[in-house]
Amino acid sequence: MTDFDALAARLDEAARTAGAVPQLTREGPLSLADAYAVQRALVALRTARGDVPVGVKLGFTSKAKAAQMGVFDVVAGVVTARMRIADGAGPDFPLIHPRIEPEIAFRLDADVDPAAPAADLTSAVGAVAPALEIIDSRYRDFSFTLEDVVADNTSAAGFAIGPWRGFAAASDGLDLGNLGVVLEVDGVPAQTGSTAAILGHPLRALAATKRMAAAYGLPLPAGSVILAGAATAAVPLAAGSVVEATVTGLGRVTVQRPS
Ligand code: OOG
Ligand code: MG
C-alpha cells in the first residue's frame, strides 16, 4: 500500500462523517514509516481546510493505556487548533465513539529543532497544566494495530487544557513525577492514578517527543503544546456528560459533551 493520500482521505472522511472504517492493515501490510506518511497526509488534509498544527501528542506512554488498547509502543500524533476545546466547553466536531483520558500538557516557550542533537526540550518547557484528551478511533470497534493507529493520527480528536502553571524543569519545586490524577464523570470518580504512570515520570515524555519529532519530521516551535499521554485508561465520553480531570498540585480541567 503506497497511496498515502488515498488512505488518508478515507480516514479524513470517516472523521468528518462520523462513520467508522475497517483497519487499513486488513488490506495488506503497512510499515510503521508508511503509517506516519499516511498520518502526515491526514494532517495535510486538515491544514488544507485552514486548520493549524499546535503541538504533538504521545500515546501509549502508560501501561494502563497500552494494556487497554493492546499496543505497546509509544506513538506520536499531531494536535491542531480545531481540536482545541476551551476549559469547561465541549467538542463541536463530529465524533464516532469518543473516549476521554487525563493527561499532563507541557508548553514550549522556545523554538526547538528536534533534529539538532543538542536540542533539549526540557529546558524549552515554560509551563505545565492538567489536560483532558478526547480520542476517537476512526476504525470500527475502536480496534487497531500499531500501524493503523499511527496512520489515524493516534486517534487524536480533541483536547482541553486547564490553567497553565509556569514551570522550569531545572529549578521547579513541584515534583511532576508522582502527582495524584483523578478522572471524574458526572461527579463520580471513574479512574485514579499517578503521573508516575507516564513513562515513570512525565518529563521522560519530553525526551520521547524529541526523538519521535526528529524521526517523523514533527515541528516544535515556541508555543507548541505537548500532550504527554494518558495517566490512566480512557473512559467513554457519553453525550450529555461532564468529565473533569484533577492533578494534585496542578488543578483541574473540565469537558462537557453536549447531549
Ligand atoms: C490511541 C491514543 C493513545 C494515549 O494517551 O495513550 C493516547 C488510542 O488509545 O486510541 O492518546
Ligand atoms: Mg492520549
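Trainee: Which residues lie nearest the centre of the largest cavity?

Mentor: In this predicted model, K57, F60, K65, I135 and T154 lie nearest the centre, among 15 lining residues. Two or more lining residues come from each of β1, α3 (63-69) and β5, and β1 gives the most, with three.

Trainee: What makes that space a cavity?

Mentor: A cavity is a set of points where a 1.4 Å probe fits but cannot get out. The search of the whole structure turns up two of 30 Å³ or more, and the largest holds about 100 Å³ of space.

Trainee: How do the residues of its lining divide by class?

Mentor: You get eight nonpolar, three polar and four charged residues. Lys counts as charged, so K57 and K65, both listed nearest the centre, belong to the charged class.

Trainee: What about the second largest cavity, which residues line it?

Mentor: Y36, Q39, R40, V43, V78, Y216 and L218 do, around about 30 Å³ of space. Helix α2 gives the most, with four residues. By class there are five nonpolar, one polar and one charged. Arg counts as charged, so R40 is the charged one.

Trainee: Back to α2, then. How do you know that its span fits a helix?

Mentor: Set the value against the expectation. Helix α2 (residues 32-48) has 17 residues, and its first and last C-alphas are 24 Å apart, close to the 24 Å expected at 1.5 Å a residue. Helix α6 passes the check too: with 13 residues it reaches 18 Å, close to the 18 Å expected.

Trainee: And what comes just after each helix?

Mentor: Just after α2, G50 takes a positive phi of about 100 degrees. Just after α6, G217 has a positive phi of about 70 degrees.

Trainee: Which residues of α2 are buried, and what do they pack against?

Mentor: A35, Y36, A37, V38, Q39, A41, L42 and V43 are the buried ones. Their packing partners are α1 (4-17), β1 (53-59), β2 (75-80), α5 (146-151) and α6 (204-216). On α6, the buried residues are A205, L206, A208, T209, K210, M212, A213 and Y216.

Trainee: Now the metal. Why are E103 and E133 called buried?

Mentor: The cut-off is under 20% relative accessible area. E103 comes in at 3% and E133 at 1%, so both count as buried.

Trainee: What makes those glutamates donors to the magnesium ion (ligand 2)?

Mentor: A donor atom has to be within 2.8 Å of the metal. E101, E103 and E133 each coordinate the ion through OE at 2.0 Å, so they qualify. Their spacing in sequence is E-x1-E-x29-E. E103 sits in strand β4 (residues 99-108) and E133 in strand β5 (residues 125-135), so the pair ties together parts 30 residues apart in sequence.

Trainee: Which residues lie nearest the centre of the largest pocket?

Mentor: A15, R16, R46, R49 and F93, out of 21 that line it. The elements giving two or more are α1, α2 and β6 (156-161), with the largest share, four residues, from α1. Its volume is about 380 Å³, and the lining has 10 nonpolar, one polar and 10 charged residues.

Trainee: And how big is the second largest pocket?

Mentor: About 170 Å³. There, P53, G55, V78, L218 and P219 are closest to the centre, among 13 lining residues. The lining splits into nine nonpolar, three polar and one charged. Gly counts as polar, so G55 belongs with the polar ones.

Note on methods
Residues are numbered from 1 along each chain as its sequence is written. Chains are lettered from A and ligands numbered from 1 in the order in which they are written. This is a predicted model: local features need pLDDT of at least 70, side-chain atom pairs count only at pLDDT 80 or more; totals for chains, interfaces and linings use all residues. Side-chain values use heavy atoms; hydrogens and water are left out. The expected span of a helix is 1.5 Å times one less than its number of residues. Buried means under 20% relative accessible area, exposed over 50%, partly exposed in between (1.4 Å probe, protein chains only). Contact means heavy atoms within 4.5 Å. Donors are N, O and S atoms within 2.8 Å of the metal (3.2 Å for Na, K and Ca); water is not among the atoms, so sites may look incomplete. On a 1 Å grid over the protein atoms alone, a cavity is a set of points where a 1.4 Å probe fits but cannot get out, and a pocket is an open set with protein on both sides within 12 Å along at least five of seven lines; lining residues have an atom within 4 Å of a point. Grid points are joined across faces, edges and corners, and a volume is the space filled by probe spheres set on the points.
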